[in-house]
Amino acid sequence: MEELLKERKQLYTNINITIQKHQEAIVTIEQNIEQLNNTIYKSCEHKWVHDRQCAYDRMETYCTQCFLYLKKK
């Protein structure tokens with residue numbers, strides 16, 4: 001029984017370590033995407049259009065070239 005409890009504890013530890021590594025990788029990827037989006041936004045010759053998901057949503061403005069939304073000032 002003691003061996004099984006140790007094994008279970010080790011598995012939970014391994015799971016938590018793996019989750020932490022994946023979360024760090026996700027944060028890094030999200031930061032890279034944000035940097036790319038900023039670079040694309042700065043270099044694009046925007047063609048803005050207005051869009052509304054449904055009649056009750058607020059109007060959004062996005063570019064038909066880069067598909068990024070207009071940044072709020």
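Strands here are DSSP runs of at least two residues, numbered from the N terminus. One of them, β2, is the place of Cys63. Keep in mind that everything in these views comes from a predicted model.

**View 1. Strands β1 and β2 side by side.** Here's the pairing of the two strands: β1 covers residues 48-51, and β2 covers residues 60-63. They run antiparallel, with four bridges joining them. To get your bearings, find Val49, which stands opposite Tyr62 in β2. Between β1 and β2 there's a loop, and Gln53 sits in it. Gln53 is exposed, with a relative accessible area of 63%. Glu30, 23 residues from Gln53 in sequence, is 25 Å away from it, C-alpha to C-alpha.

**View 2. The two faces of β2.** In a regular strand, side chains alternate between the two faces of the sheet. Strand β2 shows such an alternation: the side chains of Thr61 and Cys63 point to one face, those of Glu60 and Tyr62 to the other. The Thr61 and Cys63 pair is buried, while the Glu60 and Tyr62 pair isn't. Look at the numbers for three of these: Cys63 has 0% relative accessibility, Thr61 has 13%, and Glu60 has 24%. Glu60 counts as partly exposed because its 24% falls between the cut-offs of 20% and 50%.

**View 3. Thr61 and its company.** Zoom in on Thr61, a β2 residue that counts as buried because its relative accessible area of 13% is under 20%. Its side chain makes a polar contact of 2.9 Å with the side chain of His50. If you skip the neighbours within four places in sequence, Thr61 touches Trp48, Val49 and His50, and also Leu68, Tyr69 and Leu70.

**View 4. Cys63, with Trp48 alongside.** Cys63 is the one at 0% relative accessibility, so it counts as buried. Its contacts, leaving aside neighbours within four places in sequence, are Cys44, His46, Lys47, Trp48 and Leu68. Trp48 is worth a pause: the C-alpha atoms of Cys63 and Trp48 are 4.5 Å apart in space, with their positions 15 residues apart in sequence.

**View 5. Trp48, seen from its own side.** Trp48 belongs to strand β1 and is partly exposed, at a relative accessible area of 34%. With neighbours within four places in sequence set aside, its contacts include Thr61, Tyr62 and Cys63. Tyr41 also touches Trp48, as do Leu68, Tyr69 and Leu70. For a sense of reach, try His22: it is 26 residues from Trp48 along the chain, and their C-alpha atoms are separated by 36 Å.

**View 6. The salt bridge between Glu60 and Arg58.** Side chains of opposite charge can pair when their charged atoms come close. The structure holds one salt bridge, and this is where you'll find it: the side chains of Glu60 and Arg58 meet at 3.4 Å, N to O. Glu60 is partly exposed. Arg58, at 55% relative accessibility, counts as exposed.

**View 7. Phe67 and its positive phi.** Past β2, take a look at Phe67, which lies in the segment after that strand. Its phi is near 65°, a positive value in a residue other than glycine. Phe67 is also exposed, at 59% relative accessibility.

**View 8. A nonpolar patch on the surface.** Three residues make up this one: Met1, Leu4 and Leu5, with about 350 Å² of accessible area together. Leu4 sits in helix α1, which takes in residues 2-43. With a relative accessible area of 54%, Leu4 is exposed.

Methods: Residues numbered from 1 in each chain as written. Predicted model: local features only at pLDDT ≥ 70, side-chain atom pairs only at ≥ 80, totals over all residues. Heavy atoms only, no water. Buried < 20%, exposed > 50% of the residue type's maximum accessible area, 1.4 Å probe, protein only. Polar contact = N/O pair within 3.5 Å; in protein donor to acceptor, adjacent residues only side chain to side chain. Contact = heavy atoms within 4.5 Å. Patch = residues over 30% accessible without salt bridge, like charges linked within 9 Å, V, L, I, M, F, W, Y side chains within 5 Å. Areas by Shrake-Rupley, 256 points an atom, 1.4 Å probe, with all protein chains shown as cover. Salt bridge = Lys/Arg side-chain N within 4 Å of Asp/Glu carboxyl O. Pairing = 2+ DSSP bridges.
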